[in-house]
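Dear colleague,

Please find below the structure that I am handing over to you. My findings follow directly after it, and I would be grateful if you would read them with the structure open.

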Amino acid sequence: MKLTVEKAKELLAIAREADPRHEPWIRHSICVGDTAAVIAEALGLPDPEYARALGYVHDIGKYKDVMNVEYHDIKGFEYLKDEVGIDEQDAFICLTHSYVGGDYTAQAGGIPKAHPLRCEVLQAHKYNRYEEIINLCDLMCIFRTMTMEKRLIDLLTRKGIHENSHHHLMKSLELKKMFDELLGHNLYDLFPDIVI
């Protein structure tokens, strides 16, 4: 089954009803989806609403275990694909959103534990433009859209500085630069309310 905004909203509603502790990541996911739709439309992609749907479910693995999010990427991928019946390509958003460009060492909070889905599968997967947008928007949103620089400071403050922090920061800034070049202007110009 192809992922739609309606299905994504349904999944978020199930998570919200199951446990009020899900509310913070749900609000973050809605911000990511809404921000992604703006960028997809500005790039002239054929389906900005698809970007919104991917953003809404990128953290759905946190629904499976709100207290231990270390494997939320893997749990989300398996949940969407195996339990909900979402196409594997769409379920990949759970794996791709945290790791800049498929590099599982390019993530905030230290290098995650090795797992075949994070290592072999993710590294063999070629990101599409929608996945790159969600990757970017995950680095621009908490509960509202902000500059990537502010979000990176937030991540460093909450998750600490680790052996891969410099690598993650550099990869993140390269991602932002790529989108500036694709758009032909500063990405932040799409968001007039953003504080630079």
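Is Cys-31 buried or exposed? In this predicted model, Cys-31 is buried, since its relative accessible area is 8% and the cut-off for burial is under 20%. Cys-141 is also buried, with a relative accessible area of 0%. The structure holds 0 disulfides.

Overall architecture

The protein contains 11 helices and 0 strands. Read from the N terminus, its order of elements is therefore written α-α-α-α-α-α-α-α-α-α-α. The C-alpha trace spans about 40 × 35 × 35 Å along the principal axes. For 196 residues, a compact globule would be expected to have a radius of gyration near 16 Å, and the value of 15 Å found for the protein agrees with this. Of the 196 residues, 53% are buried. If one takes the contacts between residues at least 6 apart in sequence, 67% of them join residues at least 24 apart.

Surface and charge

The accessible surface of the protein amounts to about 9200 Å², and carbon and sulfur atoms account for 54% of that area. There are 23 positive and 32 negative side chains. The centres of these two sets lie 3 Å apart.

Helix H3: Leu-54 and Pro-48

Two residues of helix H3 deserve your attention. Helix H3 covers residues 48-57 and includes Leu-54; Pro-48 also lies in helix H3.

Leu-54 counts as buried because its relative accessibility is 2%, against a cut-off of under 20%. Leaving aside residues up to four places away in sequence, Leu-54 touches Leu-3, Asp-90, Ile-93, Tyr-130 and Ile-134. The C-alpha atoms of Leu-54 and Ala-36 are separated by 8.6 Å, with their positions 18 residues apart along the chain.

Ala-36 serves as a reference point for Pro-48 too: the pair is 12 residues apart in sequence and 7.6 Å apart in space, C-alpha to C-alpha. With residues up to four places away again set aside, Pro-48 touches Ala-37, Ala-40 and Glu-41.

Helix H10: Ile-153

Is Ile-153 buried or exposed? Ile-153, which belongs to helix H10 (residues 148-159), is exposed, because its relative accessible area is 53% and the cut-off for exposure is over 50%. Between the C-alpha atoms of Ile-153 and Leu-169 there is a separation of 9.8 Å, the two residues being 16 apart along the chain.

After helix H11: Phe-191

Phe-191 is found in the segment that follows helix H11 (165-183). At 11% relative accessibility, Phe-191 counts as buried. Which residues does Phe-191 touch, not counting those up to four places away in sequence? They are Thr-35, Val-38, Ile-39, Met-140 and Thr-145. For Phe-191 and Leu-155, which are 36 residues apart along the chain, the C-alpha atoms are separated by 21 Å.

To review the individual residues, Leu-54 is buried at 2% relative accessibility and Phe-191 is buried at 11%, whereas Ile-153 is exposed at 53%.

Yours sincerely

Technical notes
Residues numbered from 1 in each chain as written. Predicted model: local features only at pLDDT ≥ 70, side-chain atom pairs only at ≥ 80, totals over all residues. Heavy atoms only, no water. Helix = DSSP H or I, 4+ residues; strand = E, 2+ residues; numbered from the N terminus. Rg over C-alpha atoms; globule rule 2.2 N^0.38 Å. Buried < 20%, exposed > 50% of the residue type's maximum accessible area, 1.4 Å probe, protein only. Contact = heavy atoms within 4.5 Å. Areas by Shrake-Rupley, 256 points an atom, 1.4 Å probe, with all protein chains shown as cover. Lys, Arg positive; Asp, Glu negative; His and termini not counted. Charge placed at Lys NZ, Arg CZ, Asp CG, Glu CD. Disulfide = S-S within 2.5 Å.
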